[in-house]
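Biologist: I'm new to this one. Can you put it up and walk me through it?

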Amino acid sequence: MLPSPTLAAPLTAAVSSRSFLADVAQALLAAPDAETLADLVVIVPTRRAVVYLKNELALATPEGQALWSPRIAAMEDYMVERAGVQVEEPIALQLRLFDIFKAIDPDLQFDHFVGWGGLLLQDFSTLDQHLADTKSIFEYLAEAKALERWQLDPELKTTGLDRYFGFWGQLHRVYLRFKKLLKQDHLAYPGLAYRRAVQHLRAELADVKKPLPPRHVFVGLGGLSKAEETFIGLLRSRGRATIYFDGDPFYLEKDSPNRAGQALRRYWQAWNLPVDDFTYQEHLRGRPHHLRLLGVANASMQGKLAGQLLAEARQRNPDATVAVVLPDETLLLPVLHGLPPASLVPDFNVTMGLSFQSTALFNLVDLLFEVHLTGIREGEPGADYGVPKYHHQAVSKLLAHPFLRRYQQWQDAQADAPQYYKLLDKICQEIVQKHLVLLPATELLRLGHGHPLIEALFQTWDNCDNIIRACYTLIDLLKQVYGHEHGAIEAEYLYLFYTLVRQLDTAFDCRTQRLSVRSFRRFLYDQMRRTRLPFAGEPLAQVQLMGLLETRALDFDHVIILSCNENTLPPPKRQTSLFPYDVLAEYKLPTHADAEANAAYNFWRLLQRAGRVDLVHVLPGAEGVRAGERSRFLRQIEFDLAPQNPDLVLEDQTVDVLVNEELETRHAEVPGTDSDDTSSFLLPPSQLTNDLVLAKDEAMLTGLRGVLERGLSPSALNEFLACSLKFYFSRLAKFQENEEVEEALGADGFGTVVHDALEHLLKPFELESRDLTAADLPAILKRVPAEVTRQLRQEGAERQARPDDGLNHVLGQVATRLIRKYLESLPGQPGLLPLRIAGQEKDLVATVFVDLPGRATKLPVRLRGRADRIDALPDGRRRVVDYKTGLVERRELNLRGTQKPLNAPDTVARLLSESSSGADKVRQLWLYRFMLESDETHPAPPGSEAAIMSLRKIDEGLLSAPLDFITEGTGEPDFRLASAELVARLARHILDPAEPIRKTDDLAKCEYCPYRGICAR
Ligand code: SF4
């Protein structure tokens, strides 16, 4: 049932096989006043739709007849035109807005303003586009209740906005002044143009002397802003507007829970629209569709898969129109790289710009800022301009960037500059050889022998003019390389970057505000985020690559939609507004719920006339926590649409991409164009082709047994459970990490300094078997700074980095504080003092003989560990203590959990399989205790203890893990025997041939993994 079923009858009974715009073209030509077609204004949602509709009108015109085409425009362009203004660049708008704020509060710093100015501007735009009563909203915002809540928001505190809450009272004034200022110059921001267009139309209609505006036809619009709605409503009230929505009863019916129909249903009611062909036809339930839900293992495979699906589509029907739709625009480059050969796709069009942020040039600029922002400037605390010393990692990453490497190749080919031969390589080598941790800018310039590239990269930045100059030089140099390569996309990026820098240069030229590097970066990135690299192409090509928004009003025979996962389709619930949600809801401003409804409409509408649809989603299990579940739209297809359409074929597959040779073979194999073999290009998951899976064959098993016999530490075991492939790389293949400059105090080095300093401070008590008492502490505390410095020197000497340099110096201070705090806490820890230290940095070893299937002899599995400290308890038992410089929570050591405690066998299962921060630590404590009691030379008495001393949670004292579940869960009352059984189970798991060595499913584990390059993670 449609919302207004009693109105006009449908024009045709059968479901039209034409596209929506073809139907509209027919309707325009068939209308009784077709002769006045030229006087019509037809408004469509996008510029792309303008091109398509013009084409459909040309096709629909009877042969031999000439036609005066109506005026056809995209909605946004038309509103700006009706407003009679020019939309100003965002940079210039922000600077104007700042001037107004500054006039009200002369103390306002530009750096603070940059933090929220852009967002506020966007909010102004939204208010205007939705014709909001700004006075009332700003008053509401100024009320104490709203402000209280805002002050609690830590994010806003960092922007400095909390210091300007007084401004909320002034905001309306600022808004009015801003509008007035823009009006004087006939300028506007986008939302303001919409408001002005409505105001002008209202005034025009009220003026009886003016003729009525031309008749408007609004075509294929979806969710409208309030300004658009009002604009159309005003024209309708004078009979000057006809509306053709493209809808489907599947989601338009009154009781449909589908959000896709939310906006259209409302317009139907408000405007009392007739039921027409455009909304009556049952496209989704009444015509055949072949839909495939295709799951892939990771997001990066989607580009390649899209290419293969496209090839398949073209082979099946070379005349079909195909759209590859990318709800996630960052996939554009992978999709472009994965396109089939020109023989299959001779022509295609990209109807979306390439976001500057996904380009390699953006990455280069980002690395350049990283160099300057992570450097330090000694002697001028608080200043963030000028960085005389840069961090070696940032410098090395920058110098390794492909753009700079390409520049070096070009430079090496210049015969007249032999002094610069392999310049970047030489600088990198020098950094590694001399172990330069912090690189003085002067040193880098010296190494660069005056080359302009090195000067552009490492000259000190004292103001934004320096940054702009560096960018210009960089562009000029890189232009020499890419400018001569015909059609190089890099040359396009460079030109775009040049225009951005130029805009900023002009905008800041005559201004007195001093911008920090961070603020300048923010400003620049803001512009880069908005900038799109446009593509030229045949606009009506049969193959289109487009974003979901660009598909509005268009239809294709075959649609391939990527990223059909929650948080992409529909988009995430992210609120990009300074205004709290309740203000948006109260004043009916758009919220994420509206964004969801719009995405739903665009999605379902696109499916209406598509015969074949491929919906690609990333499998959540494979992508770990980052990939959302498959999109709710796919579930709606499965559980709502499919049962209602008997002609709908739905396939749900997990697929893998083909490697190039296989693809070529399959191209050759695929029968004629009528082929309906839908799986011909897709591999089932069992034939994984591009994943690293290593079988546990005899050679692998021998290697693994060797590792177990030589000694398995708790951390090695944790590594295996986290990612067996990483374990293989580091313990079996023994891959070396890249040669790198090592700083004294990386995470490892910092821990070593703390451990070694503590060991030396407590050594006399260990050697003399003397109890440590509270009376000994003052003397020990005095020795802490000197001991830390000594350890720092030792570390520094080993790694050739200066202990008092920059970050190292700071971390040394932190180490001193941690150790002091820890020692001071000892008297307060219940029952700890007097403390008898039985040993420090002691090796622990235990051997478990494990029965293996098919082997006559038991395998001696050796466990190894190193105890930071072993305490001799007064009752004869021992306690192994592990110092941790990281944070440890007491609750994570309770493996049973507290809310709904697990039973003992399930807790044992967690202990043997789970890879998490808590499980890793409990395993370590368990094995330490087991080794302590089973030590081959000095076994401790039963009932000994293992505990963690977290130096970040000193007040918590010693943290131990409840281990009673081990005896309870195994049914073996003796802790040592029960533990030996569990160690045997773990060993059998490691050696199980049915479990290949493979990548972890949890991408978070790959984040800091040194083997990411090998794994392509
Ligand atoms: S990158 Fe990830 S999958 Fe590869 S070895 Fe490291 S943790 Fe395992």
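Modeller: Start with a network of salt bridges that links D246, D555, R605 and R609. A salt bridge here is a side-chain nitrogen of Lys or Arg within 4 Å of a carboxyl oxygen of Asp or Glu. One caution: this is a predicted model, so local features need pLDDT of at least 70, side-chain atom pairs count only at pLDDT 80 or more, and totals for chains, interfaces and linings use all residues. Residues are numbered from 1 along each chain as its sequence is written, and side-chain values use heavy atoms, with hydrogens and water left out.

Biologist: How many salt bridges does that rule give?

Modeller: The count comes to 55 salt bridges.

Biologist: Okay, what does R630 pair with?

Modeller: The side chain of R630 meets that of D652 in a salt bridge, at 3.2 Å from N to O. R630 sits in the loop between α29 (620-623) and α30 (632-644), while D652 is in strand β17, so the pair ties together parts 22 residues apart in sequence. Helices (H or I, at least four residues) and strands (E, at least two) are DSSP runs, numbered from the N terminus.

Biologist: Is R630 buried or exposed?

Modeller: R630 is buried, at a relative accessible area of 14%. D652 counts as partly exposed, at 45%. Buried means under 20% relative accessible area, exposed over 50%, and partly exposed in between (1.4 Å probe, protein chains only).

Biologist: Which residue does R446 bridge to?

Modeller: R446 forms a salt bridge with E443, and their closest N and O atoms are 2.8 Å apart. The two are 3 residues apart in helix α22 (residues 441-447), which means a separation of about one helical turn. R446 is partly exposed at 45% relative accessibility. E443 is buried at 19%.

Biologist: And K763?

Modeller: K763 forms a salt bridge with E759, with 3.3 Å between the closest N and O atoms. They are 4 residues apart in helix α35 (residues 747-767), so about one helical turn separates them. K763 is partly exposed, with a relative accessible area of 23%. E759 is buried, at 13%.

Biologist: Let's switch to sheets. What is the strand order in the one with 7 strands?

Modeller: The open sheet runs β9-β14-β8-β15-β16-β7-β17, with parallel pairing. Two strands pair if DSSP finds at least two bridges between them.

Biologist: Which strands stand at the edges?

Modeller: β9 (348-351) and β17 (648-654) do. Each has a single partner strand, so one side of each is left without a neighbour in the sheet. Neighbouring strands are turned by 15 degrees against each other on average, direction ignored. Axes are lines fitted to C-alpha atoms, for helices over the stretch in contact, and angles run from 0 to 180 degrees between N-to-C directions.

Biologist: How many bridges join β9 to β14?

Modeller: There are 4, and the strands run parallel; β14 covers residues 543-546. N349 stands opposite Q544 in β14.

Biologist: Which helix packs on that sheet?

Modeller: Helix α28 (residues 592-608) does, touching β7 (289-296), β8 (322-325), β15 (558-561) and β16 (612-618). The direction of α28 makes about 150 degrees with that of β15. Contact means heavy atoms within 4.5 Å.

Biologist: What about the sheet of 4 strands?

Modeller: That open sheet has the order β2-β1-β5-β6, again with parallel pairing. β2 (71-74) and β6 (241-244) are the edge strands, and each pairs on one side only. The twist averages 20 degrees from one strand to the next. Strand β1 (residues 41-44) is joined to β2 by 4 bridges, and V44 has A74 in β2 as bridge partner. Helix α2 (residues 47-60) packs on the sheet and touches β1 and β2.

Biologist: Last topic, helix pairs. At what angle do α38 and α39 cross?

Modeller: Roughly 95 degrees, and the axes of α38 (residues 904-913) and α39 (residues 917-934) come within 9 Å. They are therefore roughly perpendicular. Angles under 35 degrees count as roughly parallel, over 145 as roughly antiparallel, 65 to 115 as roughly perpendicular and the rest as oblique.

Biologist: Which residues meet there?

Modeller: R910, L911 and S913 in α38 meet V922, R923 and W926 in α39.
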